[in-house]
Amino acid sequence: MAVEFDWTDSEEIGIQLQEKYPEIEPYSVRFTDLHKYVTGLPGFVGDPAKSNEGILEAIQTAWNEEYEDAK
């Protein structure tokens, strides 16, 4: 069964984003685009309307940590 995750699973989302978009520098992504990237991930089960700036910041930070580790 595929992993399912929600807005609060920022670490898992960061891992998934790094795997799907390894060439993108996370802090260059606008929140509107980040929202689209997250809601488009396989296994994402969160309500698209339930995100906010704080959640997106946490996801972006987690993604950046994965990005830096992959360098």
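Select Gln 60 first; this residue lies in helix 3. The model on screen is a predicted one. Gln 60 counts as buried, because its relative accessibility is 8% and the cut-off for buried is under 20%. Now show the side chain of Gln 60 together with the backbone of Pro 26: a polar atom of that side chain lies 2.9 Å from the backbone oxygen of Pro 26. Leaving aside residues up to four places away in sequence, Gln 60 touches Pro 26, Tyr 27, Val 29, Phe 31 and Leu 34.

Next, select helix 2, residues 31-39, and helix 3, residues 53-70. Two packed helices are described by the angle between their axes and by the distance between those axes. Here the angle is about 75° and the axes are 11 Å apart. Helix 2 is therefore roughly perpendicular to helix 3, since angles of 65 to 115 degrees count as such.

To see the contact, display side chains on both helices. From helix 2, select Phe 31, Leu 34, His 35, Tyr 37 and Val 38. From helix 3, select Glu 53, Leu 56, Glu 57, Ile 59, Gln 60 and Trp 63. Gln 60, the starting point of this tour, is thus one of the residues of helix 3 in the contact. Coloured by class, the contact of helix 2 with helix 3 shows 7 nonpolar, 2 polar and 2 charged residues.

Stay on helix 2 and pick Thr 32, which lies in that helix. Is Thr 32 buried or partly exposed? Thr 32 counts as partly exposed, because its relative accessibility is 47%. Add Lys 20 to the selection and draw a C-alpha to C-alpha distance: Thr 32 and Lys 20 are 17 Å apart in space and 12 residues apart in sequence.

Finally, turn to the aromatic rings. The structure holds 5 aromatic pairs. One of them is formed by Trp 7 and Phe 44. Their ring centres are 4.8 Å apart, with 70° between the planes, and the pair is edge-to-face. Follow the chain from each ring: Trp 7 sits in the segment before helix 1 (10-20), while Phe 44 sits in the loop between helix 2 and helix 3. With their positions 37 residues apart in sequence, the pair links distant parts of the chain.

Trp 7 counts as buried because its relative accessibility is 4%. Phe 44 is buried too, with a relative accessible area of 12%. Add Phe 5 to the selection as the last step: Phe 5, Trp 7 and Phe 44 form one aromatic cluster.

How values were computed. Residues are numbered from 1 along each chain as its sequence is written. This is a predicted model: local features need pLDDT of at least 70, side-chain atom pairs count only at pLDDT 80 or more; totals for chains, interfaces and linings use all residues. Side-chain values use heavy atoms; hydrogens and water are left out. Axes are lines fitted to C-alpha atoms, for helices over the stretch in contact, and angles run from 0 to 180 degrees between N-to-C directions. Helices (H or I, at least four residues) and strands (E, at least two) are DSSP runs, numbered from the N terminus. Angles under 35 degrees count as roughly parallel, over 145 as roughly antiparallel, 65 to 115 as roughly perpendicular and the rest as oblique. Contact means heavy atoms within 4.5 Å. Ala, Val, Leu, Ile, Met, Phe, Trp, Tyr, Cys and Pro count as nonpolar, Asp, Glu, Lys and Arg as charged, and the others, Gly among them, as polar. Buried means under 20% relative accessible area, exposed over 50%, partly exposed in between (1.4 Å probe, protein chains only). A polar contact is a pair of N or O atoms within 3.5 Å; within protein, one must be able to donate a hydrogen and the other to accept it, and residues adjacent in sequence count only if both atoms are side-chain atoms. Rings of Phe, Tyr and Trp (its six-membered ring) pair if their centres lie within 6.5 Å; planes under 30 degrees apart count as stacked, over 60 as edge-to-face and the rest as tilted.
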